[in-house]
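Dear colleague,

I am handing over the structure we spoke about, with the sequence alongside. Please have a look at it first; my notes on what was found follow below.

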Amino acid sequence: MIIPMVCGDSGGSEQNRSDEVILCPVCQKEGNHVRNVTVRHLVKKELAGKAGQCDYRICMNEKCDVAYYSEDLSIIFEKEDLKVPLWYKEDASPRYACYCSRITEEDVIRAVREQKITEMNAIRKHYDPEAKCQCNVKNPTGKCCTNAFNSFIKKAPDGE
Ligand SMILES: [Zn+2]
């Protein structure tokens with residue numbers, strides 16, 4: 001982790017850079033915009049204070065160790081700095097499909113194969129009848145888990 005200074009202390013002015021392309025400083029791939037609140041919730045407790053006020057990018061490269069980098073590149077959080085594994089990183093374990101209900105890839109595959117449920121919300125209800133969507137603070141991408149969830153459903157072989 002590299003923390004040379006506190007980012008984004010510009011008096012709380014809301015800069016909207018979310019459309020800007022900002023490459024991961026390690027792998028040079030384009031990262032997706034993630035709000036500060038999401039990063040604060042996902043990094044380990046002792047690191048949350050280092051997150052500053054700025055927004056971040058999440059590195060979507062499965063082989064890269066970087067999880068988040070600040071938009072001014074002054075702060076990098078690696079995947080080990082997070083409370084939960086990043087589902088798409090190659091060594092993620094467990095691989096969560098839904099962070100809100102803690103449903104893993106295996107749970108999804110089991111529901112598809114054994115319960116013949118192939119619809120995301122039905123699978124969610126199956127495991128967590130009280131499921132509430134809190135993806136903005138629970139999912140590391142800050143977005144809803146639909147894409148990950150559906151990719152696991154598609155991946156689940158039909159069984160016999
Ligand atoms: Zn990267």
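In this predicted model, the side chains of Asp65 and Lys79 meet in a salt bridge, with 3.1 Å from N to O. That pair links distant parts of the chain, since Asp65 lies in the loop between E2 and E3 whereas Lys79 lies in the loop between strand E4 (76–78) and E5, 14 residues apart. Asp65 is partly exposed, because its relative accessible area is 38%, while Lys79 has a relative accessible area of 12% and therefore counts as buried, the limit being under 20%.

Lys79 also meets the side chain of Asp91 in a salt bridge, again listed at 3.1 Å from N to O. Here both Lys79 and Asp91 are in the loop between E4 and E5, twelve residues apart, and the pair is again one that links distant parts of the chain.

A further salt bridge joins Glu105 to Arg95, whose closest N and O atoms are 3.4 Å apart. In this pair Glu105 belongs to helix H2 and Arg95 to the loop between E4 and E5, ten residues apart. Glu105 counts as buried, because its relative accessibility is 9%. Elsewhere, salt bridges that share partners join Glu62, Lys63 and Glu90 into one network, and a search of the whole structure finds eight salt bridges.

As for helix H2 (residues 105–114), its buried residues are Glu105, Asp107, Val108, Ile109, Ala111 and Val112. What covers these buried residues includes strand E5 (96–98), strand E6 (103–104), helix H3 (120–127) and helix H5 (146–155). Just after H2, Lys116 takes a positive phi of about 55 degrees, which you may wish to look at in the display.

The model also holds a zinc ion, coordinated by the SG atoms of Cys24, Cys27, Cys59 and Cys64 at 2.3 to 2.4 Å. The site is tetrahedral, with angles of 99 to 116 degrees among the four donor atoms, and along the chain the donors follow the spacing C-x2-C-x31-C-x4-C. Cys24 and Cys64 link distant parts of the chain, for Cys24 is in the segment before strand E1 (32–34) and Cys64 is in the loop between strand E2 (56–58) and strand E3 (66–70), 40 residues apart. Are these two cysteines, Cys24 and Cys64, buried or exposed? Cys24 counts as buried, because its relative accessibility is 0%, and Cys64 is likewise buried, with a relative accessible area of 4%.

With best regards

Notes
Residues numbered from 1 in each chain as written. Predicted model: local features only at pLDDT ≥ 70, side-chain atom pairs only at ≥ 80, totals over all residues. Heavy atoms only, no water. Donors = N, O, S within 2.8 Å, 3.2 Å for Na, K, Ca; no water. Tetrahedral: all angles 85-135°; square planar, octahedral: opposite > 155°, others 65-115°. Helix = DSSP H or I, 4+ residues; strand = E, 2+ residues; numbered from the N terminus. Buried < 20%, exposed > 50% of the residue type's maximum accessible area, 1.4 Å probe, protein only. Contact = heavy atoms within 4.5 Å. Salt bridge = Lys/Arg side-chain N within 4 Å of Asp/Glu carboxyl O.
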